[in-house]
Protein chains: 2
Amino acid sequence: MVRVEREGTDRPPAGELTFLLGMGFQLVVAEFDRRVAEAGYPGLRPLHGMAFQALRGPGATSSELAERLGVTKQAAGQLVKELEQRGYVARRPHPAGGRRRLVVLTDSAERHLEVAGRVIAELEAELALRTGQADLGVLRAELTALVHAMSDGSPPPLRPVW
Amino acid sequence: MVRVEREGTDRPPAGELTFLLGMGFQLVVAEFDRRVAEAGYPGLRPLHGMAFQALRGPGATSSELAERLGVTKQAAGQLVKELEQRGYVARRPHPAGGRRRLVVLTDSAERHLEVAGRVIAELEAELALRTGQADLGVLRAELTALVHAMSDGSPPPLRPVW
DNA sequence: GGGGTGAGTAAAGCACCTTTACTCGCCCCG
DNA sequence: CGGGGCGAGTAAAGGTGCTTTACTCACCCC
């Protein structure tokens, strides 16, 4: 990592793309998590939200969830057990049989998805205002190009970073 | 979190700013770490590079390092002990006396900083090419505005995210 | 010279994940 | 129709990296 030359009144590195990405992501995620917790979901971390996303619609088996989250199936199974105890998912017999169990979202989890969606939309709208952009379309487009350039093909599962 | 409407051949969410930030950061950091390891520094995680950054120049005490990294002083002390054993930092008596010990970088760490700086510059140059941008100035500017809008004042320490 | 302050250290605890090793339902081929 | 084996799921132990709690000790300062 390299510290770039100072420019004007810039205090910290503040020119390094990698640092900027990290700080931006961290700030946005932290604020998102804070607001979701405040809206009635304390103790639900972003990873839980990712799991809800992965289980939307028809649901999935624990192993499918593991693959989508990029963790081992044991970790996914533990996550499912915890979410089941808290009433966010239910396990039903899988139509394909075998040892499979289908994990589906409860209404409670669906409500959380709605709240989280509203929170993140509000947050991004505020950011658009504060940065003076009409929307954040330019940033989105640039980031999309970046992600596409680095992962050409399928984007990676979103996991905790270092 | 909300899944956005499909557009063309887009497969995943791919419109959510938060997701894009996370994926971008994760991809860049992972590739950076991979290349640095390949360049002769296996087992040095990005956090170690952050510590080197924080210790550049006059060095710092363990407690100062802890504050800059956003961890407890115990965690920083443990990190220093590990880096000392591996020859990347040295501990010298602190001019201000007291129980303080000044942690400074060795030549080995300075060389790592040079390598890491070169690696990240190359990586960003390749990204600029692949995304078709002359440089990534637009993205940098947008991200700088975003970070500034969310942290007005001092940027946060860069820590593992969720 | 005795208490306060703050750096550093030690030990235990904890969150979260992986690795290793198994159980067991079903397919399928002989 | 029976047994091998594939793959989902589970169980238990291990490991990493951090925090919390609790202390030691050097110096300042009245």
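This dialogue walks through the protein interface and the DNA contacts of a predicted model.

Trainee: How is the size of an interface often given?

Mentor: The usual figure is the accessible area lost when the parts come together. Here, about 6,600 Å² is buried between chain A and chain B. Carbon and sulfur atoms give 74% of that area. The contact takes 57 residues from chain A and 57 residues from chain B.

Trainee: How many salt bridges and polar contacts link chain A and chain B?

Mentor: The salt-bridge count is 0. Polar contact is found for 8 residue pairs across the interface.

Trainee: Which element gives the largest share of the side of chain A that touches chain B?

Mentor: That is α1(A), with 15 residues. This side of chain A divides into 36 nonpolar, 11 polar and 10 charged residues.

Trainee: Now the DNA. Which residues are closest to DNA strand D?

Mentor: They are A:Lys73, A:Arg91, B:Thr72, B:Gln74 and B:Arg99, out of 17 residues that surround the strand. Sugar and phosphate make up 59% of the strand D atoms that come within 4 Å of the protein.

Trainee: What part of DNA strand D does each arginine approach?

Mentor: Take them one by one. A side-chain N or O atom of A:Arg91 is 2.8 Å from a phosphate oxygen. A:Arg99 places a polar side-chain atom 3.1 Å from a base nitrogen. For B:Arg99, the partner is a sugar or linking oxygen, at 2.7 Å. Two or more residues of the surface near strand D come from each of α3 (62-69) and α4 (73-85) of chain A, and α4 (73-85) of chain B.

Trainee: How does that surface split by class?

Mentor: Near DNA strand D there are 3 nonpolar, 7 polar and 7 charged residues.

Definitions and conventions
Residues numbered from 1 in each chain as written. Chains lettered and ligands numbered in written order. Predicted model: local features only at pLDDT ≥ 70, side-chain atom pairs only at ≥ 80, totals over all residues. Heavy atoms only, no water. Near = heavy atom within 4 Å. Polar contact = N/O pair within 3.5 Å; in protein donor to acceptor, adjacent residues only side chain to side chain. Helix = DSSP H or I, 4+ residues; strand = E, 2+ residues; numbered from the N terminus. Nonpolar A, V, L, I, M, F, W, Y, C, P; charged D, E, K, R; others polar. Contact = heavy atoms within 4.5 Å. Buried area = accessible area lost by both parts, 1.4 Å probe. Salt bridge = Lys/Arg side-chain N within 4 Å of Asp/Glu carboxyl O.
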